[in-house]
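Let's take a walk through this structure together, starting with how its parts meet and ending at a metal site. Have the model open and follow along.

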Amino acid sequence: MQHIFSTGKTLLFVVLIYLISSGVLIGQSQRDKLNFIIIFADDLGYGDLGVYGHPTIRTPNLDRMAMEGQKWTNFYVGASVCTPSRAALLTGRLPVRSGMASNHSRVLFPDSHNGIPASEITLAEQLKQVGYATACIGKWHLGHNPQYLPTNNGFDYYYGIPYSNDMDNVVLAQGGMGYMDFWKSEDRKNTESFNVPLMRNTEIIERPANQHTITGRYTDEAIRFIKENEQEPFFLYLAHSLPHVPLFASEKFEGKSPRGIYGDVVEEIDEGIGRILTTLKETGLDENTIVIFTSDNGPWLIMNEEGGSAGLLREGKGSTWEGGMREPCIFWSPGNISPGIVTELGTTMDLFVTFSNLAGVEVPADRVMDGMDLSPVLLEGESGPRETVFFYRGTDLFAVRMGDFKAHFITQGGYNPQREVHDTPLLYNLAIDPSEKYDVSGQHPDIIEKIREVIRSHEANLVRGPDQLKDRG
Ligand code: MG
């Protein structure tokens, strides 16, 4: 009897140890402590990574991240240009609601007065409520005046440039040269042509920012922040200011990529991501950190060879065609994220809601949220909750995706002033025709009617925030 009892106790002990070591019993508390790293490229297109089909840009670290994690193929941003896209990511809301989209000025400029309203809740503010350390490294572009800077919007630390790397153009300010002539001139290759400030928290520490070394320095700062916060949950928003034109790479990368300077820049970003993943592995943080890589909008096609590629998608930055707003997106967290290629719909706004749920902080109930919880897809490989995607240009709704179908009610090239209104929308089946070549509106009046219903209910509770981008000068 004594013998049987002792065997039973041993067995119970063994089972307990197994359950603990396999994470069954401590799974929830581990999950509560997940860290989040969002790596956000600027103007990198759907076709610009090796793993998304680029034939000459070498991105071994992002490729491996995709193999070990989830590679999403139907992932969208909230707008086709910088400022509203970033507002969407950090608030989980369409920028038309926060006032961070405008028909008067597409983005914020160095002479803009305003920025992200204090009434908006950023993902950083959200995660701070449950004790996360937060850092924003890289390009901000949600307002450069003090009250709008990252450190006044939930981030403990900021290191980066407050707006785009092509702004404060001293050559164009002198006059005498046209905008596109500048981009053909040798002046575009001189980092001194852009009097962009580099800031730490609220102080300018370098002006003009040396853009040759900026990618490597962002990576160094990111690694330092990760190591400093090894013991507590953290949220790192690493928003690279490149490969937005003008393009600059460090000596180690310049002239190395067969794709030219654009390839050099993307390969340097990729190398930095490799260093970050290595840091996570060395510290053991890879077990409870989710890393996401995506981009703020599609390629800047008017820059020709120095702009990126949307691959098989139509058009690019500035447009509501797929090339403007569908982006590469990779989720990586070995042991947490079930690997695979995901064709479910997702948007950057979903990260707010997904991370809030994973971190155990309630999603705001006092406002309309556009984000949805992707965690069933990420953690369990289940199907996703999202059925629709809205494509706004400024504050005008141009197109809506519902399931595989996308209806365009208004179309316009990214940088073409010509706007076309379609009484019967153009309709594309994106599962069959991702390049948006074959209008099937004549065959599917029922689908168009359903999309019109989706728009009616969307507009019924749409409150447009006061325009934050229009006041300048
Ligand atoms: Mg951009």
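About 2100 Å² is buried between domain 1 and domain 2, and carbon and sulfur atoms give 55% of that area. Keep in mind that this is a predicted model. On the domain 1 side, N103, T320 and W321 are the ones to click on: they supply 28% of the area that domain 1 buries against domain 2, more than any other three residues. As for where the boundaries fall, the domain assignment gives 30-386 for domain 1 and 390-460 for domain 2. The C-alpha centres of these two domains are 27 Å apart, and the contact draws 25 residues from domain 1 and 25 residues from domain 2.

Now move to S319, which sits in the loop between β8 and α11. Is S319 buried or exposed? It's buried, with a relative accessible area of 0%, which is under the 20% cut-off used for that label. Setting aside neighbours within four places in sequence, S319 touches S80, G324 and M325, and also R393, Q412, G413 and G414. Check those numbers against the domain bounds: domain 1 covers 30-386 and domain 2 covers 390-460.

Next, the magnesium ion. Which protein atoms serve as its donors? They are D42 (OD), D43 (OD), C82 (SG), D296 (OD), D296 (OD) and N297 (OD1), at 2.1 to 2.7 Å from the ion. Written along the sequence, the donor residues follow the spacing D-D-x38-C-x213-D-N. C82 belongs to helix α4 (residues 82-91), while N297 is in the loop between β8 (289-295) and α11 (322-325), so this pair ties together parts that are 215 residues apart in sequence. Both ends of that link are tucked away: C82 is buried at a relative accessible area of 2%, and N297 is buried at 0%.

What about the geometry? Ideal angles for six octahedral donors are 90 or 180 degrees. Here the six donor atoms subtend angles of 52 to 156° around the magnesium ion, so the arrangement is irregular.

Finally, have a look at helix α9, residues 214-228. Its 15 residues reach 21 Å from first C-alpha to last, close to the 21 Å expected at 1.5 Å a residue. The buried residues of α9 include I214, Y218, I223, F225 and I226. What do the buried residues of this helix pack against? Their partners are the strands β1 (35-41), β3 (133-138), β4 (157-160), β5 (198-200) and β7 (234-239), along with helix α10 (261-283).

Conventions. Residues are numbered from 1 along each chain as its sequence is written. This is a predicted model: local features need pLDDT of at least 70, side-chain atom pairs count only at pLDDT 80 or more; totals for chains, interfaces and linings use all residues. Side-chain values use heavy atoms; hydrogens and water are left out. Helices (H or I, at least four residues) and strands (E, at least two) are DSSP runs, numbered from the N terminus. The expected span of a helix is 1.5 Å times one less than its number of residues. Buried means under 20% relative accessible area, exposed over 50%, partly exposed in between (1.4 Å probe, protein chains only). Contact means heavy atoms within 4.5 Å. Donors are N, O and S atoms within 2.8 Å of the metal (3.2 Å for Na, K and Ca); water is not among the atoms, so sites may look incomplete. Four donors count as tetrahedral if all angles lie between 85 and 135 degrees; four count as square planar and six as octahedral if opposite donors are over 155 degrees apart and all others between 65 and 115; anything else is irregular. Domain bounds come from an automatic or database domain assignment. Buried area is the accessible area (1.4 Å probe) that two parts lose on being put together, summed over both.
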